[in-house]
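Biologist: I would like a close look at a single part of this model. Please take one residue and follow its charged contacts from there.

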Amino acid sequence: MSDADSDSVVMVQDHQDEIFNEPELLDDDDRRAALQIVSIEASEDKHSFAFHKTKLQSILAKIPPHYKVSVVSVVGAFRTGKSFLLSWFLRYLDSRSSNAAVDDETSKEKWYHRFQSVGNDGFDWRAGSERNTTGIWMWSEPHFTTSESGDPLAVLLVDTQGMFDHETNMALTAAIFGFSTLLSSRQIYNVDKRIQEDNLQHLALFSEYARTAVTQEGKTNENQEIDGKKPFQQIDFLVRDWQHFDEDVEDAKDYAAMEESMMKYLETVLSERQDKDLKDTRDQITSCFENISCYGLVHPGFAATKSKFTGNVKDLEEDFVGLLDRYCSKVFGAAMQPKIIHGRELTAAELAPYMDAYAALFTSGDTFPEAATMLEATVAANNTNAVQLAEAKYKELMDRAAGPMCSNYLKPDELMEEHEKALKDGLVVFESIANFGNQTSIDKARTTALEQISTDLKVYEALNESRNPLAGLETFLLPVSVGVGAHVVRWFMDLTCSATMCRTVSEKMSHTYAAAWCFMLIIAATKFQLIKQSVGRMMKALELFMDSPKTNDKRKKD
C-alpha cells in the first residue's frame, strides 16, 4: 500500500491526540483545491467506503481551536450542476472575504462582474452527460465569517457524488447521501425542474434511520427523555431550471416575489396527503429537519448546456445570476448556523471524531448501517469530545496555578486544593457534554477522563516540586556542614588540648575545613546561578517556616 493510500483507515480511535496534532500534509494540500475525503472502491460484487482522515485533518488544522464550524454540502442526481454551484459559492465567499465587499451599495457593479469566468479552479466541473464527481470532496481552505450571535465561524464546503448515475447501487447512494447529511449543518438537495415524489422518497429513506435512532436513544437512556429536537438542521430543495414563475413577476425581475412563490410551492409539495405512503414520506422528512426551505433557479441559458462552456458569466442568463446571487446571501448570511449535534455547537476539533465515527459505519457501501449502530457511533464520538474538553478545562485552570509559566511554589495541600477546584470544573464540562447514550458508556468515559486528569496531576506535582525552595539544598548543605563541623572541632581541640595527638587532629580538621571550603569555591565558580537560586530558595524556605504557625492559627480560628 502506498503512503497516499495509507490514510484510508476508518477505525474509530479511542483517543483524540492525532486529531489535534499538526497533520502530515499531502502533496495537493499546499494549494487551494478540493480534497477527496471519501472515495468509493468498487469490486466485482460490492462497493466500499474509504475515508481519508489525513486529508480531513489537513483542512481542520487550518481552523482556530475556538471557532465553531458550519458545513454546507450539496447532494443530488448526477449532472445537475452541483459542482458548478459550489464553485460559484467559492467565488462568492472569496469576494466577501476580499477588500471589495459583496454588497457594496456605493458601487453599481455586482461582485460577480469582477471576474470573467467561474473557471475550473474550484470544485471540478464540466458540461456534458458523463458523471464528473465520485465520492465526497471538501474544499481545502475554510472560509471565515461570524454567526448571528457574533461568534467566529469557519465555513466548509462539501461536494458529493451524483446519485443515480447507472454505476452506483442504491445502498451506496444512500450511504453517500446519509454520510453527507450526518456531517452537514446545511444540506442542499439539488433537484431538476421540480420536486418529484421520488426526490422526497429518497430523502425520507435516510430520514427514517435518523428518526429510529432518536427513538432508540430515548429507550436506551432511562434517565433521559427525548428533548424533541430534530436530528438534522437545514435542508434546502434547490430546484434547477424552474419554469413556472409568473411571467409578469419574471419580466419585472421581482426576485423577492419569485422566492415567495417557491416557498408556497414547497408548502404545496409537503402538504397533508390522504394516501398513507405519501403521508409517511412527508412525516419522516418534517420530523428529521429543523428547517426545510425551497429555492428556484431559472435555466442558466443555452450556452451553459454546451460541452465547450467554460463558466463565462456573460454567457449566463441575467435572471439565473441574479437569483443565484440572492441564494448565496441566504446560505451564507447572518443566520448561518454552526454544526449542532444534540444541542451542542461544534468546533473543528469536536467535529473530527464524529466524522471519523460516522465514516466507520459506512465501510461497506453495500450495507446501510442500522440506526442503533449509528447511535452508538454518535455516543462514542460525543463521549470522546467530553473527555477531551474536560481535560482541557482542567489543564487550563491548573496551568494558571502550577503550570510551566508559574514561578511560585505551592505547598502540597494548596496544590491539592487547586486540583480539586480544577477537577470539579472539568467534570462540569464533561457532564454538560456526555448527556446522552447509555449510562455504562458515559461512566466508562468519565473513568477515562479521571484517569487522564490523574496523570496530568502527576505532571503538575513534578513541576511544582521543581520550584520547591528546599529541593536540592543537600548538595550545598553537606560540604557546608563538613566545613563548619571541622572548624568547630579544630577550635575545640586548640582550646582544650595541647598534646601532640590533639595538634595532629587539629591539623587534620584544618585540612578538612580548607578542603570543604575549596570545594564550595569550586561549586561557586561553576554553579553561580544555581547557588543564587538556592539562596533564594533558602529565603523562601525561611518564609514558609515563619508562615506555618500563622497559617495553623488561622485554620484553628476558622
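Biologist: What is the relative accessible area of Glu345?

Modeller: This is a predicted model, where local features need pLDDT of at least 70, side-chain atom pairs count only at pLDDT 80 or more, and totals for chains, interfaces and linings use all residues. Residues are numbered from 1 along each chain, and side-chain values use heavy atoms, without hydrogens and water.

Glu345 has a relative accessible area of 33%, so it is partly exposed (buried is under 20%, exposed over 50%, partly exposed in between; 1.4 Å probe, protein chains only). Its side chain makes a salt bridge (a side-chain nitrogen of Lys or Arg within 4 Å of a carboxyl oxygen of Asp or Glu) with Lys68, at 3.2 Å between the closest N and O atoms. Glu345 belongs to strand β11 (residues 344-345) and Lys68 to strand β3 (residues 68-76), so this pair ties together parts 277 residues apart in sequence. Strands here are DSSP runs of E, at least two residues, and helices are runs of H or I, at least four.

Arg344 is partly exposed too, at 29%. Arg344 pairs with Glu350 in a salt bridge, with 2.6 Å between the closest N and O atoms. Glu350, at 4% relative accessibility, counts as buried. Elsewhere, shared partners join the salt bridges of Lys253, Glu318 and Asp319 into one network.

The structure holds 19 salt bridges. One of them links Asp94 and Arg32, at 2.8 Å from N to O. Asp94 sits in helix α3 (residues 82-97) and Arg32 in the loop between α1 (17-20) and β1 (34-42), so parts 62 residues apart in sequence are tied together. Asp94 counts as partly exposed at 25%, as does Arg32 at 41%.
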